[in-house]
Amino acid sequence: MISQLPNKKNMARTFRIHPAIGVARMGNSPTAYYVGPETPGVPPNWDDATKKFNSFRDDHGRIKRQGARFRVFEYFLDEATQKWGNPMEVKLGAADVVDIQWRVHLANRKASFFAFDGQNGALDNYIERSQIPGNSLIKDELTNLRNATVAPADREAKLEVDVGEKQLSAKDGGEVEMTNPNRDIPIQSLGTLKLDEGRLVVLGGYGQSDTNARQPDGEPTLPMREYANNDTWFDDASDGPVKARVCLTDGTFIDAEAAWVLVGPPDFAPPIGNVVTLYDTIWDVAVRKPIPIGPFELSGELLTMSRQQAAWAANGGMTLNGYRPSFLKEIYPLLKRALGVRDLHVSSLATQYYHRRTIDYGRLFGPDGQSFRETIFVKMRNPDATTIEWDKMPRGNGDNYRSLERFSDGEVIEGDPAPNSLFSVTRVQYALLREWAAGNFVDDWPGSEPNGTSSLNPTPDQLDKAAADNSVGGPFYPGIDCSWLIRTPELYSSPLRLKVSAQPLAEISIPPLRVGAIEFRPGFFSQQMALPWQADFYDCQKESNDDEIGNSYTFMWWAAHRPDDVFPSGQTDQQRWTRLLDSRSANPDDPDRDDNYDRFSQMLKGWYDLKFVSVRNGDHWEEEP
């Protein structure tokens with residue numbers, strides 16, 4: 001229980017929670033967990049001493065949950081510039097801080113939301129779809145709303161898990177289980193709140209999914225039949241705001257700028273990052289729109305962002321001409337992630353060049369460096385291309401994957417699929433690569449690949465970047481932890497930080513922010529995701545498509561979280577990551593067949609048996625034993 005203080009608000013100081021957007025991950029272990037990454041370049045659960053991953057499983061083989069750890073920092077005002085800077089973490093007992101009162105509000109609103117249908121709703125954030133009946137068919141048998149037979153007046157009560165704003169005091173200690181209060185929904189909890197020396201650790205759900213409609217023999221009345229929308233089904237993914245009230249010795253308090261937490265499925269390939277991370281996606285929004293930086297000192301990441309914003313504006317929102325990216329900080333991480341994904345995905349391409357596992361970084365700075373850089377750049381898919389670029393990179397499906405489906409049933413429709421039916425890097429990433437290819441970059445390569453080490457006292461910049469780098473930034477069909485709503489600029493109060501009231505829910509008197517037809521409230525990002533998550537987690541593996549003249553291409557989805565092909569422990573040939581589940585399938589010889597609905601139930605029953613790719617063996621990463 002939180003100790004009560006006099007209602008005296010101190011306005012003279014500034015506090016902020018970091019990371020601004022944290023990422024927690026599900027696991028079926030009831031108590032064991034690890035903390036998500038807090039230093040950029042250092043993956044979660046990494047042991048600096050042994051240079052190996054700690055186990056992602058508890059003593060019984062169950063998957064540990066990944067916790068999102070939040071800290072409060074105080075910023076100090078520079079009287080000369082009137083900017084806030086020099087952040088220092090707030091520690092209990094230090095200076096005049098007597099307590100930190102944490103508040104977290106998680107919800108899952110998937111079952112009451114619009115059915116996910118690719119980009120249908122993206123142009124106006126569901127305004128047009130909100131004006132048609134919920135039971136209108138928008139594609140085949142897909143209705144506009146999930147669970148469309150539930151009356152509008154009953155939808156919140158019967159279809160949503162909202163645990164309310166839970167409170168946890170650093171002074172009082174203890175932990176809080178976010179138990180589901182809705183007895184109509186067979187989900188036990190959205191997770192656990194814990195304290196770590198005054199810091200908050202948010203542990204998400206346990207990966208539970210279930211239906212509330214079963215036949216007398218226990219079988220689901222409506223078995224899973226679709227990758228994203230299954231009526232009567234529920235899961236324990238969630239998201240919502242994180243708040244902190246800093247209580248001072250003089251009896252006053254200050255509410256820190258609030259944060260947000262996303263809760264998604266496990267990352268089964270922790271050493272390998274996504275080509276486009278969530279940090280890249282949010283950064284792209286902040287640079288191009290642009291999102292105002294506010295009264296904060298321009299240093300570190302904010303200084304870099306400010307320079308990119310200026311260059312983008314000066315070039316008419318087309319390029320970053322005049323800005324010189326750091327090779328070490330802005331180019332190398334992208335190249336490393338692109339190369340790393342080959343341990344998780346076997347493409348249809350079999351050339352030696354494509355399967356090269358390392359880049360001779362020295363060559364990039366030698367006499368033929370520019371030619372080599374230009375060769376890499378010309379292979380990149382242009383995010384502003386007006387026609388589809390089948391043979392470009394990354395080799396991934398895109399947000400508008402629906403337009404590729406014209407080939408799936410043997411029916412050919414005139415015209416090429418949309419350019420964004422295949423995945424591209426962000427516009428800012430593409431602009432950075434363009435400058436690099438032209439030789440306009442900072443040559444700060446140290447001579448060999450850097451080895452990241454965890455920081456004992458991470459900065460706000462490090463916390464923000466490390467957390468969002470641990471999440472998928474696209475493609476959003478629908479995604480892993482969030483979907484395309486995360487790119488809505490109206491949601492941001494400052495770069496990387498969402499518009500969330502710092503006050504406790506009971507003290508807020510204004511209505512929630514509306515984005516298009518929907519309210520920005522707990523559960524906002526997870527509501528777009530697949531229901532239940534296991535259905536999409538099975539289906540979103542690599543897929544092949546033919547272009548208009550019959551050439552075949554293989555594209556990935558999110559291989560850096562949900563692998564396609566892996567090296568089993570001690571073996572030299574890659575195999576399907578889901579081979580164990582495939583062997584249990586009712587159709588083991590053709591588990592991916594569209595009418596093999598058993599593939600969904602096998603992922604539901606056995607996701608925690610799938611292996612983590614977490615052991616280094618020579619030049620590649622392989623599965624745990």
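Visitor: At what angle do helix α6 and helix α7 pack, and how far apart are their axes?

Guide: This is a predicted model, and helix pairs are a good place to start reading it. Two packed helices are described by the angle between their axes and by the distance between those axes. Here helix α6, residues 369–378, packs against helix α7, residues 427–437, at an angle of about 155°, and the axes are 8 Å apart. Because angles over 145 degrees count as roughly antiparallel, α6 is roughly antiparallel to α7. The crossing of α6 and α7 is left-handed.

Visitor: Which residues make the contact between α6 and α7?

Guide: From α6 the contact takes Q370, R373, E374, I376 and F377, while α7 brings Y430, L433, R434, W436 and A437. Sorted by class, the residues of this contact between α6 and α7 are six nonpolar, one polar and three charged.

Visitor: How would I read the packing of helix α3 and helix α4, and what is the angle there?

Guide: The general idea is the one already used, with an angle between two axes and a distance between them. Helix α3 (residues 278–288) and helix α4 (residues 300–314) pack at an angle of about 50°, with 8 Å between their axes. That angle makes α3 oblique to α4, and the crossing of α3 and α4 is right-handed. On the α3 side the residues are Y279, W283, A286, V287 and R288, and in α4 they meet E301, T304, M305, Q308, Q309 and W312. The contact of α3 with α4 holds six nonpolar, three polar and two charged residues.

Visitor: How many residues of helix α11 are buried, and which are they?

Guide: Burial is read residue by residue, and the cut-off for buried is under 20% relative accessible area. Helix α11, residues 598–606, is mostly covered, with eight of its nine residues buried. Those buried residues are D598, R599, F600, S601, Q602, M603, L604 and G606. The elements that cover them include the strands β15 (209–211) and β16 (233–235) as well as the helices α9 (533–539) and α10 (579–584). Helix α8, residues 460–469, is also described as mostly covered, with seven of its ten residues buried; the buried ones are P460, L463, D464, K465, A466, A467 and A468.

Visitor: Which way do the residues of strand β2 point, and are they buried or exposed?

Guide: In β2 the residues I21, V23 and R25 point one way, G22 and A24 point the other way, and all of them are buried. Strand β2, residues 21–25, is therefore mostly covered, with five of its five residues buried. As for its partner, five bridges join β2 to strand β19 (residues 259–264), and the two strands run parallel. Within this pairing, I21 stands opposite W260 in β19.

Visitor: In which sense do strands β24 and β25 pair?

Guide: Strand β24 (residues 543–546) and strand β25 (residues 552–555) pair in the antiparallel sense, over four bridges. One pair of bridge partners is S544 and T554, the latter in β25. The two strands form a hairpin with five residues between them, and G550 in the turn has a positive phi of about 95°.

Visitor: Where should I look for a backbone that departs from the usual pattern?

Guide: Most residues other than glycine have a negative phi, and most peptide bonds are trans. In this model Q82, which is not a glycine, has a positive phi of about 60°, and Q82 lies in the loop between β6 (65–78) and β7 (83–89). N147, also a residue other than glycine, has a positive phi near 50°, and is found in the loop between β10 (142–143) and α2 (155–159). As to accessibility, Q82 counts as partly exposed at 45% relative accessibility, whereas N147 is buried, with a relative accessible area of 5%.

Visitor: Which residues does a cis peptide bond join?

Guide: The peptide bond from H18 to P19 is cis, with omega near 0°, and P19 lies in the loop between β1 (14–18) and β2. Another cis peptide bond joins G474 and P475, with omega about 0°, and P475 lies in the loop between α8 and β20 (492–494).

Visitor: Where is D416 found?

Guide: D416 is found in the loop between α6 and α7, and at 44% relative accessibility D416 counts as partly exposed. D416 and D196 are 220 residues apart along the chain, and their C-alpha atoms are separated by 54 Å.

Conventions. Residues are numbered from 1 along each chain as its sequence is written. This is a predicted model: local features need pLDDT of at least 70, side-chain atom pairs count only at pLDDT 80 or more; totals for chains, interfaces and linings use all residues. Side-chain values use heavy atoms; hydrogens and water are left out. Buried means under 20% relative accessible area, exposed over 50%, partly exposed in between (1.4 Å probe, protein chains only). Two strands pair if DSSP finds at least two bridges between them. Axes are lines fitted to C-alpha atoms, for helices over the stretch in contact, and angles run from 0 to 180 degrees between N-to-C directions. Angles under 35 degrees count as roughly parallel, over 145 as roughly antiparallel, 65 to 115 as roughly perpendicular and the rest as oblique. A crossing is left-handed if the near helix is turned anticlockwise from the far one by less than a right angle, and right-handed if clockwise. Contact means heavy atoms within 4.5 Å. Ala, Val, Leu, Ile, Met, Phe, Trp, Tyr, Cys and Pro count as nonpolar, Asp, Glu, Lys and Arg as charged, and the others, Gly among them, as polar.
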